[in-house]
Amino acid sequence: MHPSRSRCTTALFGSLFSPQEDQPIYMAVKGVVFDVTSGKEFYGRGAPYNALAGKDSTRGVAKMSLDPADLTHDTTGLTAEELKALDDVFTKVYKAKYPIVGYTARRILNEDGSPNLDFKPEDQPHFDIKDEL
Ligand code: HEM
């Protein structure tokens, strides 16, 4: 229920609408959504790679860039080296460290919105993959 205007103190407003320390932190690489909460020191508020969180940051990871223009799923024009770096970090950092919690629409749907029948979930045998994934 919405509190009355007079009761909407700054503290109450903050508690309702500000990011909470105990909320999970998600980010996607190559359309795979990882729960990176355990890497709070990298991705949390005020942390160096916070800008990568909350979106598909594939291009930024490939180029080691935090430039807002690179914080996108788009890999157009990346060099072979950057693509190799992307795959290395994807496998050796993200898949190794962080549980997969989902996939972006781009990864599971075709451009017309129909299901991508070639979609295969990523293997992550060292984590307990939930049945519904
Ligand atoms: C002066 C520049 C930089 C330095 C000295 C640096 C240093 C480091 C170090 C030491 C780690 C490993 C930390 C650990 O495993 O405990 C790391 C991880 C990482 N760095 Fe950087 N970094 C720099 C710039 C960048 C930039 C510009 C990006 C942009 C994407 C980036 C992305 C990452 C990522 C994604 C990880 C993996 C974090 C994880 O384990 O979840 N770094 N960096």
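## A nonpolar core, an aromatic cluster and an iron site

The largest nonpolar core here has 19 residues, and Met27, Val29, Phe34, Val36, Tyr43 and Tyr94 are the ones with the most contacts inside it. At least two core residues come from each of these elements: strand E1 (26-29), strand E2 (32-35), helix H3, helix H4 (80-97) and strand E3 (100-103). H4 gives the largest share, three residues. Keep in mind that this is a predicted model.

Let's step back to the overall layout. The protein has five helices and three strands, and from the N terminus on they run α-β-β-α-α-α-β-α. Of its 133 residues, 29% count as buried. What about contacts along the chain? If you take contacts between residues at least 6 apart in sequence, 55% of them join residues at least 24 apart.

Phe34 is a good place to start looking around the core. Leaving out residues up to four places away in sequence, Phe34 touches Ile25, Tyr26, Met27, Val29, Phe90, Tyr94, Lys95, Tyr98, Pro99, Ile100, Val101 and Gln124. Phe34 also belongs to an aromatic cluster, together with Phe42, Tyr43, Tyr49, Phe90, Tyr94 and Tyr98.

Now for the rings themselves. A search of the whole structure turns up nine aromatic pairs, and two of them that involve Tyr98 are set out here.

| Pair | Centre to centre | Angle between planes | Arrangement |
|---|---|---|---|
| Tyr43 and Tyr98 | 6.1 Å | 80° | edge-to-face |
| Tyr94 and Tyr98 | 5.8 Å | 40° | tilted |

The pair of Tyr43 and Tyr98 links distant parts of the chain: Tyr43 is in helix H2, Tyr98 is in the loop between H4 and E3, and the two are 55 residues apart. Are these two residues buried or exposed? Tyr43 counts as buried because its relative accessibility is 4%, under the 20% cut-off. Tyr98 is buried as well, with a relative accessible area of 0%. Tyr94 and Tyr98 are both buried. As for the geometry of that second pair, the planes of Tyr94 and Tyr98 stand at 40°, so the pair counts as tilted.

Phe90, another member of the cluster, has a charge for company: the charged end of Lys30 sits over its ring, 4.6 Å from the centre.

The cluster also takes in Tyr49, which brings us to the metal. Which protein residue donates to the iron atom of the ligand? Tyr49 is the only protein donor, through its OH at 1.9 Å. Along the chain, Tyr49 is in the loop between helix H2 (40-43) and helix H3 (58-63).

Two residues in the segment after helix H5 (105-108) are worth a look, starting with Glu122. Glu122 is buried because its relative accessible area is 19%, and buried means under 20%. The side chains of Glu122 and Arg107 are joined by a polar contact of 2.5 Å. Not counting residues up to four places away in sequence, Glu122 touches Val32, Phe90, Lys95, Ile100, Tyr103 and Arg107.

The other one is Leu109, also in the segment after H5. At 34% relative accessibility, Leu109 counts as partly exposed. Setting aside neighbours within four places in sequence, Leu109 is in contact with Ser114, Pro115 and Asn116. Leu109 and Phe119 are ten residues apart in sequence, and their C-alpha atoms are 8.3 Å apart in space.

How values were computed
Residues numbered from 1 in each chain as written. Predicted model: local features only at pLDDT ≥ 70, side-chain atom pairs only at ≥ 80, totals over all residues. Heavy atoms only, no water. Donors = N, O, S within 2.8 Å, 3.2 Å for Na, K, Ca; no water. Helix = DSSP H or I, 4+ residues; strand = E, 2+ residues; numbered from the N terminus. Core = buried A, V, L, I, M, F, W, Y, C linked by side-chain atoms within 4.5 Å. Buried < 20%, exposed > 50% of the residue type's maximum accessible area, 1.4 Å probe, protein only. Contact = heavy atoms within 4.5 Å. Polar contact = N/O pair within 3.5 Å; in protein donor to acceptor, adjacent residues only side chain to side chain. Phe/Tyr/Trp six-rings, centres within 6.5 Å; stacked < 30°, edge-to-face > 60°. Lys NZ or Arg CZ within 6 Å of the ring centre and 35° of its normal.
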